[in-house]
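This report walks through one chain, from a single residue outward to the fold and a pocket. Please keep the structure open while reading.

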Amino acid sequence: MDHGHDTAADYADPGLEPDVFARNCTSRPVLQNVASRWGVLALVALLAGPHRFSALRRRVDGVSERMLSQTLQTLERDGMVHREVQQAIPPHVEYTLTDLGTEVAQRLGDLIHVLESNMDTIRTAQAAYHRD
């Protein structure tokens, strides 16, 4: 039954090259998921290795339990994160990066490094902007 709502599947034409600049390209929501504030931080935090949910939440300071859970589910759906239930007593869940997630996280880590190492320049630009 069609309720008149467009879905990603309506625009998924395997014959078309992905183009994130095209409004209906299926790559755009993936970019939005990866480049979200919590997506970036979760992916880069996982570069250090496997994390349990609570450890990841401590590492990504300021994220709510709900937002981290949603972010991890989205990243898992997009093939960036692997979720594995460990058969321990008590059982726990561990998150790791997939090969694709590692590649994306490394590039995001490079971006973070550029920003952090240029904070003096950024602060100077911000101060000059606010003076005008």
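Which residues does H51 touch, not counting residues up to four places away in sequence? They are A45, L46, L56, V93, E94 and Y95. The model is predicted, and every value below is computed from it.

**Around H51**

H51 sits in strand 1, which spans residues 51-52. H51 counts as buried because its relative accessibility is 13%, under the 20% cut-off. The side chain of H51 also reaches the backbone oxygen of G49, at 2.8 Å.

**The chain as a whole**

Seven helices and three strands make up the elements of the chain. Read from the N terminus, their order is α-α-α-β-α-α-β-β-α-α. The chain has 132 residues, and buried residues account for 23% of them. Take the contacts between residues at least 6 apart in sequence: 44% of these join residues at least 24 apart. The accessible surface comes to about 9800 Å². Carbon and sulfur atoms hold 53% of that surface.

**The second largest pocket**

The second largest pocket holds about 180 Å³ of space. Its lining consists of L41, V44, A45, A48, R59, V60, D61, I112 and E116. Six of these residues are nonpolar, three are charged and none is polar. Which helices each supply at least two residues of this lining? Helix 3 (37-46) and helix 6 (99-117) do. Helix 3 gives the most, with three residues.

A45 belongs to the pocket lining and is also touched by H51. R59 is another lining residue. R59 lies in helix 4, residues 53-59. Is R59 buried or exposed? R59 counts as exposed because its relative accessibility is 59%, over the 50% cut-off. R59 and A45 are 14 residues apart along the chain, and their C-alpha atoms are separated by 7.0 Å.

**Two buried loop residues**

V63 is found in the loop between helix 4 and helix 5. V63 is buried, with a relative accessible area of 4%. Leaving aside neighbours within four places in sequence, V63 is in contact with W38, R57 and L68. The C-alpha atoms of V63 and A42 are separated by 9.7 Å, with the two positions 21 residues apart along the chain.

D78 lies in the loop that follows, between helix 5 (65-77) and strand 2. D78 counts as buried too, at 17% relative accessibility. Which residues are in contact with D78, leaving aside its neighbours within four places in sequence? V30, N33 and L100 are.

The table sets out the accessibility of the residues discussed.

| Residue | Place | Relative accessibility |
|---|---|---|
| H51 | strand 1 (residues 51-52) | 13%, buried |
| R59 | helix 4 (residues 53-59) | 59%, exposed |
| V63 | loop between helix 4 and helix 5 | 4%, buried |
| D78 | loop between helix 5 and strand 2 | 17%, buried |

**A cis peptide bond**

Most peptide bonds are trans. The bond from I89 to P90 is cis, with omega near -5°. P90 is found in the loop between strand 2 (81-86) and strand 3 (92-97). Strand 3 leads back to the opening question: H51 touches V93, E94 and Y95.

How values were computed:
Residues are numbered from 1 along each chain as its sequence is written. This is a predicted model: local features need pLDDT of at least 70, side-chain atom pairs count only at pLDDT 80 or more; totals for chains, interfaces and linings use all residues. Side-chain values use heavy atoms; hydrogens and water are left out. On a 1 Å grid over the protein atoms alone, a cavity is a set of points where a 1.4 Å probe fits but cannot get out, and a pocket is an open set with protein on both sides within 12 Å along at least five of seven lines; lining residues have an atom within 4 Å of a point. Grid points are joined across faces, edges and corners, and a volume is the space filled by probe spheres set on the points. Ala, Val, Leu, Ile, Met, Phe, Trp, Tyr, Cys and Pro count as nonpolar, Asp, Glu, Lys and Arg as charged, and the others, Gly among them, as polar. Buried means under 20% relative accessible area, exposed over 50%, partly exposed in between (1.4 Å probe, protein chains only). Contact means heavy atoms within 4.5 Å. Accessible areas come from the Shrake-Rupley method with a 1.4 Å probe; for residues, only the protein chains shown count as cover. A polar contact is a pair of N or O atoms within 3.5 Å; within protein, one must be able to donate a hydrogen and the other to accept it, and residues adjacent in sequence count only if both atoms are side-chain atoms.
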